[in-house]
Amino acid sequence: MLQTTQKLIRQAGKKLGLDDEAIEAIVRANAEHEFKITLADGQTFKAYRVQHNNKRGPYKGGIRFHPEVDLDEVRALATLMSFKTAAVGLPLGGGKGGVAVDPRQLNPEQLEEVSRKYVRHLESHIGPDKDVPAPDVNTNPAIIDWMVDEYERLTGDTTKASFTGKSIEKGGSKGRDAATGRGGVIVLAELLKAQGKLEKPLTYAVQGFGNVGSFFATVALKDHPNWQMVAASDSATALVSKNGLPAQELADLKAKRGRFANYAGEAQKITNSELLGQDVDVLVLAALGNVITEENAHTIKAKYVLELANGPVSDTAGEILEKADITVVPDILANAGGVIVSYLEWTQNRSGKQWPEEKVNKELYKYLSKAAQSVLKISQRYKVSLKEAAILRGLQVLTQSQRLHNR
Ligand code: NAD
């Protein structure tokens, strides 16, 4: 993943006419922190924080708890965060963190201990003006609330701007839970608008009806009633119905921890791999990374693939899809709604205010629609895929900031 990310950046750098030194200055991370977290009972876990680039503002990026987390993965994700924040025009840099732990093997006290010790190790390197982490895979507002509390205890900082993705009661932003799914709707709509297809009927399938996938569907239901969800899956079961699936009802079922396997409404049950090959206009990938690879790319019938998870389409699969005239809407752009509202949360904390959800959504729309339009323009100008265009856009913005910084 790291090599592919760096290869993409070097290719983009050449296209923009940058010299090797300028490209390597962007590829290199500013700082890498690698340490061990030892619990009172003796268990030890490897932990990381990579701070990739802060020329545009404090480092920003999630912390994941996953047994397979390693330094290279965190490096790659930190690099992509710098490109994501730059591509959508946020005054933030890029970072990422992780602990190589399976949180399901920990009791709540141990989980809290890991979270607080992570902050203790990094205390002098993070903070509202240095590095502002957020939740990621297997971390959530409850974990972030512990982290903020620990940071406050250690430093006396009461702004709550040290982390984003907090619970609403502890300074989180309204609209943060829906932001990534809502962002996906905004980006897809901008693309369709540019192609004169926004008002036409459209069918879609969602892989991964969790937080992101379910908000994509419920926001789409309100904002684009001409979009019809005909298939959706959780980790075990996919549902399909030619007459359309009820987005809100399925979102309510999932909110109550229900399983699609037990869904009694009008739908046929199929496998997850069958869902990927459905004959729909848009395939929304909102579960995991690397789900479309060279093995199954030829089974995709959708005209657009929306990457709401991070890296769900492998690079080789991406090339196969583009050759088949299937447009991949890249993660850097399609799932940036989350980091945009994280930025808005940080802004609210710093001013001591909490905005109504309408204001948050309006700001989200402004950032994302503008970013989507520029990525589309770059893709037309350089005749490249949207993925390359998003990297090019990020690189343009980053090199500009780097130059200003070096003056
Ligand atoms: P989530 O855990 O709420 O939802 C994931 C969903 O995917 C669940 O419904 C799960 O059952 C399903 N799933 C898991 N394995 C599957 C499989 N093999 N096939 C089909 N479905 C499967 O997580 P989320 O917050 O919705 O995040 C989804 C993805 O989006 C993750 O990859 C995450 O890294 C990425 N992402 C999330 C955010 C955010 O703001 N939450 C921001 C950017 C990217």
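Let's start with one glycine. Leaving aside neighbours within four places in sequence, Gly127 is in contact with Val132, Tyr151 and Ser162. This is a predicted model, by the way, so keep that in mind as you click around.

**Gly127 and its surroundings**

Where does Gly127 sit? Look in the loop between helix 4 (108-122) and strand 5. Is Gly127 buried or exposed? Its relative accessible area is 2%, and buried means under 20%, so Gly127 counts as buried. If you want to step along the chain from there, try Lys166: Gly127 and Lys166 are 39 residues apart in sequence, and their C-alpha atoms are separated by 15 Å.

**The whole chain**

Now zoom out. The domain assignment splits the protein chain into domain 1 (26-161) and domain 2 (179-334). Measure from centre to centre, using C-alpha atoms, and the two domains lie 29 Å apart.

How many helices and strands does the protein chain have? The tally is 14 helices and 12 strands. The radius of gyration of the chain is 21 Å, close to the 22 Å that the globule rule gives for 407 residues, so the chain is as compact as a globular protein of that length. If you'd rather think in boxes, the C-alpha atoms fill one of roughly 55 × 50 × 40 Å, taken along the principal axes.

What about the inside and the outside? Buried residues make up 58% of the 407 residues. The accessible surface comes to about 17,900 Å², and carbon and sulfur atoms own 48% of that surface. As for who touches whom, take the contacts with a separation of 6 or more: residues 24 or more positions apart account for 68% of them. Charges get a quick look too: there are 53 positive and 49 negative ones, and their mean positions are 5 Å apart.

**Three asparagines and lysines in loops**

Asn54 is found in the loop between strand 2 (44-53) and strand 3 (59-65). Not counting residues up to four places away in sequence, Asn54 touches Asn30, Tyr59 and Gly93. Another residue to find is Gly95, which is 41 residues from Asn54 along the chain, with 8.7 Å between the two C-alpha atoms. Asn54 has a relative accessible area of 31%, which makes it partly exposed.

Next come two residues with a backbone angle worth checking. Asn138 has a phi near 65°, a positive value in a residue other than glycine. You'll find Asn138 in the loop between strand 5 (131-135) and helix 5 (141-155). Lys160 also isn't a glycine, and its phi is positive too, at about 70°. Lys160 belongs to the loop between helix 5 and helix 6 (176-194).

**Trp355 and Ala194**

Which residues does Trp355 contact, leaving aside neighbours within four places in sequence? The list is Lys174, Leu344, Thr347, Gln348, Val360 and Glu363. Trp355 lies in the loop between helix 12 (337-351) and helix 13 (357-382). One of its contacts, Leu344, is 11 residues away along the chain, and the C-alpha atoms of that pair are separated by 9.1 Å.

Ala194 is a helix resident, found in helix 6. Its C-alpha atom is separated by 9.9 Å from that of Lys377, although the two are 183 residues apart along the chain.

**Accessibility side by side**

Here is how some of these residues compare with the cut-offs: buried is under 20% relative accessible area, exposed is over 50%, and partly exposed is in between.

| Residue | Relative accessible area | Class |
|---|---|---|
| Asn138 | 40% | partly exposed |
| Lys160 | 26% | partly exposed |
| Trp355 | 13% | buried |
| Ala194 | 54% | exposed |

Why does Trp355 count as buried? Its relative accessibility is 13%, and the limit for buried is under 20%, so Trp355 falls on the buried side. Ala194, at 54%, passes the 50% mark, so Ala194 is exposed.

Key:
Residues are numbered from 1 along each chain as its sequence is written. This is a predicted model: local features need pLDDT of at least 70, side-chain atom pairs count only at pLDDT 80 or more; totals for chains, interfaces and linings use all residues. Side-chain values use heavy atoms; hydrogens and water are left out. Domain bounds come from an automatic or database domain assignment. Helices (H or I, at least four residues) and strands (E, at least two) are DSSP runs, numbered from the N terminus. The radius of gyration is taken over C-alpha atoms; the globule rule is 2.2 Å times the number of residues to the power 0.38. Buried means under 20% relative accessible area, exposed over 50%, partly exposed in between (1.4 Å probe, protein chains only). Contact means heavy atoms within 4.5 Å. Accessible areas come from the Shrake-Rupley method with a 1.4 Å probe; for residues, only the protein chains shown count as cover. Lys and Arg count as positive and Asp and Glu as negative; His and the chain ends are not counted. The place of a charge is taken as NZ of Lys, CZ of Arg, CG of Asp or CD of Glu.
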